[in-house]
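Grab a pencil and work through these exercises with the model open in front of you. Try each task yourself before you read the solution.

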Amino acid sequence: QIQEEDGVRGMPPARDLKKKHHFISWVYESQNHKIYTAQKMDSLDKIHVYIEGDGLAWRTHDQMSSDPTPTDPMGLNLACEDTSDASLIYLARPGQYIEDKRLTPLDWTHRRFSQSILISYHAFLNKLRRRAPRARIVLLGYSGGGAIALLLAAQRRDISQVITFAGLLDHATWTSYHNNTPLMGSENPADYITRLQHIPQIHFLGDKDTIVPRQVDNAYLAALNPNAPVTLRMIEGV
């Protein structure tokens, strides 16, 4: 357990949310990275793991940020709105909230979905699984956190469901749509369709979203088996 004022940055909005909803803060350190986490563990039967979005990865269109901590922690907001009977775990992304000298801006931009990043989340989930061997674990991801959730589920056999919100389901389609440089060094969920199409999924998106538009979801869905347990939920006016 850590004190938020000790080495944790960019916390005011997140601190208020966690205090209101009784989350406890920790820092998990794997062999590769540190990951900031907030948890409310009430049960070991069902666990919802929320993964934060990319945060402030870029300062401008062509300038990487020196600190990717989100100005509005949407992943944490979603976790705090969860009224189910599941235990709740919020996972930030490497470089968010905590300084880690092993990281460079490439780790939260082009390599944001690299295998090195994924290994750190796998290590956390492995530790969680040892603590709760029979728990039903659901991964929920916002934006780029949705890509992390899908990639983790594709590489594991103990994830019951994946839920994304404005999820980056196919970053190759996403970068092409925005005419941006491809995310070289990052794994892409769309390349794991064979493994993912057997995992129950719900993907929420807003019909007015211009950052992660419907085309990204369409590219991912088109590659799935028509009978795959995957649901797309369009939210109007969002």
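**Exercise 1. Find how many aromatic pairs the structure holds, and describe the one formed by Tyr36 and Tyr97.**

Step 1. Know what you're working with: this is a predicted model, where local features need pLDDT of at least 70 and side-chain atom pairs count only at pLDDT 80 or more, while totals for chains, interfaces and linings use all residues. Residues are numbered from 1 along each chain as its sequence is written, and side-chain values use heavy atoms, with hydrogens and water left out.

Step 2. Get the rule straight. Rings of Phe, Tyr and Trp (its six-membered ring) pair if their centres lie within 6.5 Å; planes under 30 degrees apart are stacked, over 60 edge-to-face, and the rest tilted.

Step 3. Count: there are three aromatic pairs.

Step 4. Classify. The ring centres of Tyr36 and Tyr97 are 4.9 Å apart and the planes meet at 45 degrees, so this pair is tilted.

Step 5. Place the two residues. Tyr36 sits in strand β2 and Tyr97 in the loop between β6 and α3, so the pair links distant parts of the chain, 61 residues apart. Helices (H or I, at least four residues) and strands (E, at least two) are DSSP runs, numbered from the N terminus.

Step 6. Check burial, where buried means under 20% relative accessible area, exposed over 50%, and partly exposed in between (1.4 Å probe, protein chains only). Tyr36 is buried, with a relative accessible area of 1%, and for Tyr97 the value is 1%, so Tyr97 is buried.

Step 7. Now try Phe165 and Phe204: with 5.4 Å centre to centre and 5 degrees between the planes, they form a stacked pair. Phe165 belongs to strand β8 (residues 159-165) and Phe204 to strand β9 (residues 201-206), so the pair ties together parts that are 39 residues apart in sequence.

**Exercise 2. Work out which strands pair with β2.**

Step 1. Two strands pair if DSSP finds at least two bridges between them.

Step 2. Start with β1: β1 and β2 run antiparallel and share six bridges. They make a hairpin with four residues between them, and Val27 stands opposite Tyr36 in β2.

Step 3. Turn to strand β6 (residues 87-91), which pairs with β2 in the antiparallel sense over four bridges. Here Thr37 has Leu91 in β6 as its bridge partner.

Step 4. Look at cover: five of the seven residues of β2 are buried, so β2 is mostly covered.

**Exercise 3. Which residues other than glycine have a positive phi?**

Step 1. Recall the background: most residues other than glycine have a negative phi.

Step 2. Tyr97 is one of the exceptions, with phi near 75 degrees.

Step 3. Ser143 is another case, with a positive phi of about 55 degrees. Ser143 lies in the loop between β7 (136-142) and α4, and at 16% relative accessibility it counts as buried.

Step 4. Move on to helix α4 (residues 144-154). There, 11 of the 11 residues are buried, so the helix is largely enclosed by the rest of the structure.

**Exercise 4. Describe the empty spaces: what lines the largest cavity, and what lines the two largest pockets?**

Step 1. Learn the terms. On a 1 Å grid over the protein atoms alone, a cavity is a set of points where a 1.4 Å probe fits but cannot get out; a pocket is an open set with protein on both sides within 12 Å along at least five of seven lines; lining residues have an atom within 4 Å of a point. Grid points are joined across faces, edges and corners, and a volume is the space filled by probe spheres set on the points.

Step 2. The structure has one cavity of 30 Å³ or more, with a volume of about 60 Å³. Its lining is Asp54, Arg93, Pro94, Gln96, Asp107, Trp108, Arg112 and Ile117.

Step 3. The largest pocket has a volume of about 830 Å³. Of its 29 lining residues, Asp54, Trp58, Arg112, Trp174 and Ile211 are the closest to the centre.

Step 4. The second largest pocket holds about 310 Å³. Of its 13 lining residues, the closest to the centre are Trp26, Gln39, Phe124, Lys127 and Arg131. β1 (24-29), β2 (34-40) and α3 (115-131) each give two or more residues to this lining.
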